[in-house]
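Welcome! Here is a short briefing to help you find your way around this structure. Take a look at it first, and then read on.

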Amino acid sequence: MKYIDEFRDLKLAKNLSAKIEKLARGRGRYNFMEVCGTHTNTFYRFGLAKLLPENIRLISGPGCPVCVTDASYIDSAITLAGSGDTIITTFGDMIKVPGSKSSLYRERAKGRNIRIVYSSLDALRIAEENPSKDVIFLGVGFETTAPTVAMAIIEAKKRRVRNFFVYSAHKLIPPAMTAILKDKNVALDGFILPAHVSSIIGADGYKFLKKFNIPGVIAGFEPLDMLQGILLLVMDVNSGKAGIVNEYNRVVHKRGNKRAQEVMQRIFAPCDSVWRGIGRIPKSGLAIRGEFSDFDAEKRFGVKKVKIPIDRRCLCGEVIKGVKLPEDCRLFRKVCTPDNPKGPCMVSSEGTCGIHFRYK
């Protein structure tokens, strides 16, 4: 298949659905986690739940970068925006994420210089155009976006741009999956693995799953990709296999994108990181290496993160781990909506709560 509509063919989708139903018939429940929020979006947007038997349950995972960004990071970004000599640059999804008392969206309404950009290179361009200002890019995301931010830092050094900084909150998916598998409250039979992260780390990036004896399928984001991935997972569970299958081999390779990995490793080093709702996960974040500390906003501005008490009314943490559904949260649809998000899962197009609000 070459064109996107071919990956959305209803007849082929029903054929895959029939195969899944046949293999799953008469067996117990299958609990599969789709790690990435884009898979969650595909699943509900295209009504795939209606094509699957009732004993197959899909559980949303931690693969929404906005959703796992800790409230203390938002608070620190707001503090950085408080200087008249600073321009904060960020992706659009981040601007509505609530901190402990405010959001970047509200602060911009008060007159703070906060700008939405489409890439870290846009932020670098703004720095070049405003030499009297400190331009800080909020670096959030996973293995997919970290290489592009790394390239922006390399480019800034090459161009001798002294007023460009990155406040890094990048995160790594494998350590988060490991933390979820170690959580006794989570029971999974398999993973639908994130396509774009996999394009960077490759199928080899999931070797750690073997020790947990659990299968995983790397799947693309189109409906037929997901159904094929679910079919392969059901086959693996039925046969007791625990390997990694690459359904998305038109993009993902065994060892991933070596160039992207090299760039990322040149600029960043693994560090402990706090995941919103989950807590601190060892070696799950990316810190800017000392060689490039001139571009590290955290060091340049002496950012002090304050531990913020968890809002027990918001169930985003449990939703990210697949323990709760958005509908289990008493704030969902009542006071927490896309126009008035109380938790990060309601903000992003990849957030589970926002997806349930739109499509369920």
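**Charges and a first look**

The chain carries 58 positive side chains and 36 negative ones, and the centres of these two sets lie 3 Å apart. Please keep in mind that you are looking at a predicted model. The points below go from the whole chain to one strand with its partners, and end with a single residue in a loop.

**The chain as a whole**

- The chain contains 13 helices and 11 strands.
- Its radius of gyration is 21 Å, close to the 21 Å that the globule rule gives for 360 residues, so the chain is as compact as a globular protein of that length.
- If you draw a box along the principal axes, the C-alpha atoms fill roughly 65 × 45 × 40 Å.
- Among contacts with a separation of 6 or more, 76% link residues that are 24 or more positions apart.

**Surface and interior**

- Of the 360 residues in the chain, 55% count as buried.
- The accessible surface of the chain is about 16800 Å², and carbon and sulfur atoms contribute 49% of that.

**Strand S5 and its neighbours**

- Strand S5 covers residues 134-139, and 6 of its 6 residues are buried.
- In a regular strand, side chains alternate between the two faces of the sheet.
- On one side of S5 you will find Asp134, Ile136 and Leu138, while Val135, Phe137 and Gly139 are on the other; all of these are buried, so both faces of the strand are covered.
- Strand S3 (residues 86-90) runs parallel to S5 and is joined to S5 by 4 bridges.
- Within this pairing, Thr86 stands opposite Asp134 of S5.
- S5 also pairs with strand S6 (residues 164-168), again in the parallel sense, over 5 bridges.
- Here Ile136 stands opposite Phe165 in S6.

**A residue in a loop: Arg330**

- To find Arg330, look in the loop between helix H12 (316-320) and helix H13 (352-359).
- Is Arg330 buried or exposed? Its relative accessibility is 58%, and because a residue over 50% is called exposed, Arg330 counts as exposed.
- Arg330 and Leu315 are 15 residues apart along the chain, and their C-alpha atoms are separated by 8.6 Å.

Technical notes
Residues numbered from 1 in each chain as written. Predicted model: local features only at pLDDT ≥ 70, side-chain atom pairs only at ≥ 80, totals over all residues. Heavy atoms only, no water. Helix = DSSP H or I, 4+ residues; strand = E, 2+ residues; numbered from the N terminus. Rg over C-alpha atoms; globule rule 2.2 N^0.38 Å. Buried < 20%, exposed > 50% of the residue type's maximum accessible area, 1.4 Å probe, protein only. Contact = heavy atoms within 4.5 Å. Areas by Shrake-Rupley, 256 points an atom, 1.4 Å probe, with all protein chains shown as cover. Lys, Arg positive; Asp, Glu negative; His and termini not counted. Charge placed at Lys NZ, Arg CZ, Asp CG, Glu CD. Pairing = 2+ DSSP bridges.
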